[in-house]
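Q: Please take a close look at one part of this protein, the segment that carries the C-terminal domain annotation, and set it in the context of the whole chain.

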Amino acid sequence: MSKSAYITKEGMEGLQQEVQVLWEERKIVTEAVSEAAAMGDRSENAEYIYGKKKLREIDGRLTYLRRRIGNVKVFDQEIDENKAMFSAFVTFKDQTNNVMTLRLVGPDEADIKKQSISIASPIGKALLNKTIGDSVDVITPAGKKTFTIQKVKY
């Protein structure tokens, strides 16, 4: 999946908060590994082996997050209130008049439970840069759907 160069302010805060949480978790795991190492034979010490594995996972995620935070820019460009741009809440209906509202975000923030969809997804790509009243066709697992943009809000 391609990565967006943009992120919302809330998304950046979420990534930074995750880094803080991981550093706190890392301190706790490091202490537990040190205590387990002091118990002797490390080859049969499950706490030590698990702790080292957990440290590798934390370090890997921290490396990813530091790189990602360095490569994204908080979206703060001028917006058009009638156009579905990055960070917009877009309300649209399908051909059966089902109405849905989704926020257009980067892949770091995409979470359908929070009604946020990546601009790299088929629906996100179709809605991006469209205006109120525009209709777009999207191929979904359920087949071709037509969506008509009803409202754009920032």
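A: The answer goes from the whole chain to the annotated segment and then to single residues.

The model is predicted. Its secondary structure comes to three helices and seven strands, and the order along the sequence is β-α-α-β-β-β-β-α-β-β. The radius of gyration is 22 Å, while the globule rule gives 15 Å for 154 residues, so the protein is more spread out than a compact globule. The C-alpha trace spans about 70 × 35 × 20 Å along its principal axes. Of the 154 residues, 34% count as buried. The exposed area is about 9800 Å², with 52% of it supplied by carbon and sulfur atoms. Side chains with a positive charge number 25 and those with a negative charge 22, and the centres of these two sets are 5 Å apart. Among contacts between residues at least 6 apart in sequence, 55% join residues at least 24 apart.

The segment in question is residues 81-154, which an unreviewed UniProt entry annotates as "domain: Transcription elongation factor GreA/GreB C-terminal". Over residues 81-154 the chain is 8% helix and 45% strand. The C-alpha atoms at the two ends of this segment are 7 Å apart. For the rest of the context, the UniProt record, also unreviewed, lists residues 6-74 as "domain: Transcription elongation factor GreA/GreB N-terminal". Residues 6-74 are 80% helix and 6% strand, with end C-alpha atoms 6 Å apart.

Three loop residues give detail within the C-terminal segment.

Serine 87 sits in the loop between β2 (73-74) and β3 (89-94). With a relative accessible area of 12%, under the 20% cut-off, serine 87 counts as buried. Leaving aside residues up to four places away in sequence, serine 87 touches Thr8, Phe75, Arg103, Leu104 and Tyr154. Its phi is near 80°, a positive value in a residue other than glycine. Most residues other than glycine have a negative phi.

Glutamine 115 is another residue with a positive phi, here near 55°, and it is not a glycine either. Glutamine 115 is placed in the loop between β4 (99-105) and β5 (116-118). Its relative accessible area is 46%, so glutamine 115 is partly exposed.

Isoleucine 132 belongs to the loop between α3 (122-127) and β6 (135-140). At 40% relative accessibility, isoleucine 132 is partly exposed. Beyond residues up to four places away in sequence, isoleucine 132 touches Asn82, Ile149, Gln150, Lys151 and Val152. Its C-alpha atom is 9.2 Å from that of threonine 91, and these two residues are 41 residues apart along the chain.

A residue from the other annotated segment completes the picture. Valine 72 is in the loop between α2 (46-71) and β2. Valine 72 is buried, with a relative accessible area of 10%. In sequence, valine 72 and aspartate 108 are 36 residues apart, and their C-alpha atoms are 10.0 Å apart in space.

Terms used:
Residues numbered from 1 in each chain as written. Heavy atoms only, no water. Helix = DSSP H or I, 4+ residues; strand = E, 2+ residues; numbered from the N terminus. Rg over C-alpha atoms; globule rule 2.2 N^0.38 Å. Buried < 20%, exposed > 50% of the residue type's maximum accessible area, 1.4 Å probe, protein only. Contact = heavy atoms within 4.5 Å. Areas by Shrake-Rupley, 256 points an atom, 1.4 Å probe, with all protein chains shown as cover. Lys, Arg positive; Asp, Glu negative; His and termini not counted. Charge placed at Lys NZ, Arg CZ, Asp CG, Glu CD. UniProt positions renumbered as here; feature names shortened; annotations may be inferred.
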